[in-house]
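Hello,

I'm handing over the structure we talked about, and you'll find it just below. Have a look at it first, then read on for my notes.

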Amino acid sequence: MITYSGTSVDFQRDVNQNQIANKIEANFISKIGYSESPNEKRAWRNSMNFMNNAIRNANIPDDCGVLIEYMIPNTSNRVDFILTGEDENHHQNYVLVELKQWEKAEVTDIPQLVRTFVGGGYHNVDHPSRQAESYDLMMKSMNEGIYGNNIGGYPCAY
């Protein structure tokens, strides 16, 4: 399930017109049946402004796809942001972006974990890059379209 889908031009227009959070929320309600918290809506608005700047500054082609809040089938995992398109050799690719708005994160003694303030206290959680990588691996193993068409996936965190 995808909560928002459009081209990079559609996405930039929706962000610039301050409609992106409303569109994500409306689709979320219609597809999932409930609304996210006001904090989540605020996070969408803030994060999508940053992603809009990143897309504009990187000169991303107008016809690239933007997917927001992609729910990985048969899991409760949601990918924050996916950018799709073709490279110069006409191979299909996607960039999967895990978005965080943490004020700070600390190194832990446990590989691939960081310590940050979430859920009302400080906890060890997956490093956002590790989280993005795990989502990418799930998508490649559970999506025949990605696997069968050899679509390249590039996970990252922002």
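Here is what was found, beginning with how the values were obtained.

This is a predicted model, in which local features need pLDDT of at least 70 and side-chain atom pairs count only at pLDDT 80 or more, while totals for chains, interfaces and linings use all residues. Residues are numbered from 1 along each chain as its sequence is written, and side-chain values use heavy atoms, with hydrogens and water left out.

Let me start with the pocket. The largest one has a volume of about 700 Å³. Here a pocket is an open set of points on a 1 Å grid over the protein atoms alone, where a 1.4 Å probe fits, with protein on both sides within 12 Å along at least five of seven lines; lining residues have an atom within 4 Å of a point. Of the 22 lining residues, Glu 40, Leu 99, Lys 100, Gln 101 and Trp 102 are the closest to the centre. Helix 3 (38–57), strand 3 (78–86), strand 6 and helix 4 each give two or more residues to the lining, and helix 3 has the largest share, with six. (Helices are DSSP runs of H or I with at least four residues, strands are runs of E with at least two, and both are numbered from the N terminus.) By type, the lining divides into nine nonpolar, five polar and eight charged residues.

Two of those elements deserve a further word. Helix 4 covers residues 128–142, and its 15 residues reach 21 Å from first C-alpha to last, close to the 21 Å expected at 1.5 Å a residue (that is, 1.5 Å times one less than the number of residues). Its buried residues (under 20% relative accessible area, with a 1.4 Å probe and protein chains only) are Pro 128, Gln 131, Ala 132, Ser 134, Tyr 135, Asp 136 and Met 139.

Strand 6 belongs to an open, antiparallel sheet of three strands in the order 5-6-7, where pairing takes at least two DSSP bridges. Strand 5 (106–107) and strand 7 (121–126) are the edges. Strands 5 and 6 pair over two bridges, and Val 107 stands opposite Val 114.

Finally, the cysteines: there are zero disulfides, meaning sulfur pairs within 2.5 Å. The sulfur of Cys 156 is 14 Å from the closest cysteine sulfur, in Cys 64, and therefore too far for a bond. Cys 64 is buried at 10% relative accessibility, whereas Cys 156 is partly exposed at 30% (the range between 20% and 50%).

Best wishes

Notes
Grid points are joined across faces, edges and corners, and a volume is the space filled by probe spheres set on the points. Ala, Val, Leu, Ile, Met, Phe, Trp, Tyr, Cys and Pro count as nonpolar, Asp, Glu, Lys and Arg as charged, and the others, Gly among them, as polar.
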